[in-house]
Amino acid sequence: MKTYKIASIPGDGIGKEVIPECEKVLNALSKKHPEVAFQFEHFDWGGDYYRKYGIMMPDDGLEPLRSKDAILFGSAGDPKIPDHITLWGLRLKICQGFDQYANVRPTRILPGIETPLRNCKPGQLDWVIVRENSEGEYSGVGGRAHQGHPIEVASDMSIMTRVGVERVQRFAFKLAQSRPRKHLTVITKSNAQRHGMVMWDEIANIVAKDFPDVTWDKELVDAATARMVNRPESLDTIVATNLHADVLSDLAAALAGSLGIAPTANLDPERRYPSMFEPIHGSAFDIMGKGLANPIGTFWSAVMMLDFLGEKALGAKLMAAIEKVTANPKLHTRDLGGTAMMSDVTNAVIEEISK
Ligand code: IPM
Ligand code: MG
């Protein structure tokens, strides 16, 4: 029997609701397939922890995570704490501390889900966005001076390193190569940002040479938004900088029907550290505690976790169960226009995987 050690960090808001649901689903999967087990260790980090101790997670918090096989994360965000504190104090601390440089965000229109795109047929929107997750616009370099005075100054510097750009582009080319279409779109803005993004483009040209079987093109980030809406079928794998991909992935999730469905993986492809899996939706304080959250984004994130752990058959089984459930409009939560509760969705997925 293989036992996976999973760090479970629900965080804030609906993260505290969807993560326990996901543990139930994984335990049900293990019950049906006893050759695999999950051992969860829980960490109560986030907004409440901050109110008690003045920090989002302990200074040496990465230590107990280090020995885990994976991290399951809910969300970080609290209406009473500034966003940059919740983000930098927890999620980015883990992503950057464990050098999870490839953020992978698949988007597909699942069975039974309606897209706001009028002419998009099922199968025409099937993308994976690879987001650079360690530097760029989120490097944290910059500062403020003379606060409150008329001469106040503030800056955020986007840091692009050759190593950082090359490794994420290589990861994206490899991912594109593994998908049936073998196509990669490199998102850029080198018409306006004439240093970092120009280097980004140059490196793409070099890395592409190692992947002769992958076709690729370049698209400016603003034009990419229009292309996602007007010609979704022309895209497959997409690689972009930290901020560009942040914006494009919300658009992608909305075009696929709901932010509640979208999953994400923060990967250390070299497996030096544990990787982290989380739904893309935030803490959604407006609906927290009511059992209304859509747990599908978290379940799909668990599929990504199983795949990354090498449990492809279990991942496929969970994904099939998710698709069976989304296909039934009676099991749609409020974000999808339905009336189902989170627990209805969880129970239906558990029923599917227990068959
Ligand atoms: C995301 C989120 C975060 C980000 C927020 C919560 C700071 O939007 O994961 O896409 O911008 O990275
Ligand atoms: Mg975002």
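**Exercise 1.** Find which residues surround ligand 1 in this predicted model, and sort them by class.

*Solution.* Begin with the neighbours, where a residue is near a molecule if one of its heavy atoms lies within 4 Å of it: ligand 1 is surrounded by Leu-87, Arg-91, Arg-105, Arg-131, Tyr-138 and Asp-246. Next, take the classes, in which Leu and Tyr count as nonpolar and Asp and Arg as charged; the shell then has two nonpolar, no polar and four charged residues.

The model is predicted, and side-chain atom pairs count only at pLDDT 80 or more, while local features need pLDDT of at least 70. Residues are numbered from 1 along each chain as its sequence is written, and side-chain values use heavy atoms, leaving out hydrogens and water.

**Exercise 2.** Identify side chains that make polar contacts (pairs of N or O atoms within 3.5 Å) with ligand 1.

*Solution.* Start with Tyr-138, whose side chain has an N or O atom 2.6 Å from an oxygen atom of ligand 1. Then turn to Arg-131, with a polar side-chain atom 2.8 Å from a ligand oxygen, and finally to Asp-246, where the distance to an oxygen atom of ligand 1 is 2.8 Å.

Notes: Chains are lettered from A and ligands numbered from 1 in the order in which they are written. A polar contact is a pair of N or O atoms within 3.5 Å; within protein, one must be able to donate a hydrogen and the other to accept it, and residues adjacent in sequence count only if both atoms are side-chain atoms.
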